[in-house]
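Ready for a walk around a protein? Open your viewer, load the model and follow the stops below.

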Amino acid sequence: MINIDELDFDKGGGLIPAIITDNYSKEVLMLGYMNYEALVKTLREKRVTFFSRTKQRLWTKGETSGNFLDLVEIKSDCDNDTLLIKVEPKGNTCHLDSYSCFGEERFEAGFLSYLQNFIDTRKKEMPEGSYTTQLFNSGENRIIQKVGEEAIETVIAAKNSDKDELVNEASDLFYHLIVLFSEKGLSINQILENLKNRHKV
């Protein structure tokens, strides 16, 4: 996290701007302002609290709607006068019931990067009782076999026109493919970059 005492609240008259982003999709959700007390409350309760310039008081996002912003990480910029706050939004962020105050749509593919990082961490830490740990312990050949099995099950679900099962099997396929990439020292982002380059062509 951050060192509050290094932040420059004086530049903004006691307030510091806070850019809120979705930890998974990486989309910008909103811009708010915090004073010292709002930041302390955010860090303590793990839910984002602002200083409302309209109400002239502390205001926890979601206190009336229930659409809280659960804290994941806070960073400050190079001048220590702006915050970047990564959150897990509980519902839509905008008071107009939109995902983002800027009219952006949620980009679910950003979760793949999160999942890649999660699986990479599992590979490093190898916690007991984890299915991912079990896969890595079983070796490369077993992981490759699982990708093949899930690919076949995905095709069968598609042939059976079972949409729910197709989604489930494709999810299993994505997961095991990312495990295989992690085993090979690769990243799912390399696929996305490759697809982007193809699209440009």
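Before the first stop, one term: a residue is called buried when its relative accessible area is under 20%, exposed when that area is over 50%, and partly exposed in between. By that yardstick, 37% of the 201 residues in the protein are buried. Keep in mind along the way that this is a predicted model.

**Stop 1: the whole chain**

Show the protein as a cartoon and colour by secondary structure. You should find six helices and six strands. Trace them from the N terminus and the order reads β-β-α-β-β-β-β-α-α-α-α-α. Now zoom out: along the principal axes, the C-alpha atoms fill a box of roughly 60 × 40 × 35 Å. The radius of gyration is 21 Å, whereas a compact globule of 201 residues would have one near 17 Å. Of the contacts with a separation of 6 or more, 50% join residues 24 or more positions apart.

**Stop 2: the surface and its charges**

Switch on the surface. Its accessible area is about 12,100 Å², and carbon and sulfur atoms hold 52% of that. Next, colour the charged side chains: there are 25 positive and 33 negative charges, and their mean positions lie 1 Å apart. Side chains of opposite charge can pair when their charged atoms come close. How many salt bridges does a search of the whole structure find? The search gives twelve, and the next stops visit some of them.

**Stop 3: Arg 47 and Asp 70**

Select these two side chains and look for their salt bridge, with N and O 2.9 Å apart. Asp 70 sits in strand β5 (residues 69-76) and Arg 47 in the loop between α1 (36-45) and β3 (49-52), so the pair ties together parts 23 residues apart in sequence. Asp 70 counts as buried, at 17% relative accessibility, while Arg 47 is partly exposed at 33%. Add Glu 88 and Lys 90 to your selection: together with Arg 47 and Asp 70, they are linked in a network of salt bridges.

**Stop 4: Arg 57 and Glu 63**

Here the closest N and O atoms of the salt bridge are 3.0 Å apart. Are the partners buried or partly exposed? Glu 63 is partly exposed, with 36% relative accessibility, and Arg 57 is partly exposed with a value of 36%.

**Stop 5: inside helix α4**

Finally, select Lys 146 and Glu 150, whose salt bridge has its closest N and O atoms 3.5 Å apart. The two are four residues apart in helix α4 (residues 140-159), which means that about one helical turn separates them. Both Lys 146 and Glu 150 are buried.

Note on methods. Residues numbered from 1 in each chain as written. Predicted model: local features only at pLDDT ≥ 70, side-chain atom pairs only at ≥ 80, totals over all residues. Heavy atoms only, no water. Rg over C-alpha atoms; globule rule 2.2 N^0.38 Å. Buried < 20%, exposed > 50% of the residue type's maximum accessible area, 1.4 Å probe, protein only. Contact = heavy atoms within 4.5 Å. Areas by Shrake-Rupley, 256 points an atom, 1.4 Å probe, with all protein chains shown as cover. Lys, Arg positive; Asp, Glu negative; His and termini not counted. Charge placed at Lys NZ, Arg CZ, Asp CG, Glu CD. Salt bridge = Lys/Arg side-chain N within 4 Å of Asp/Glu carboxyl O.
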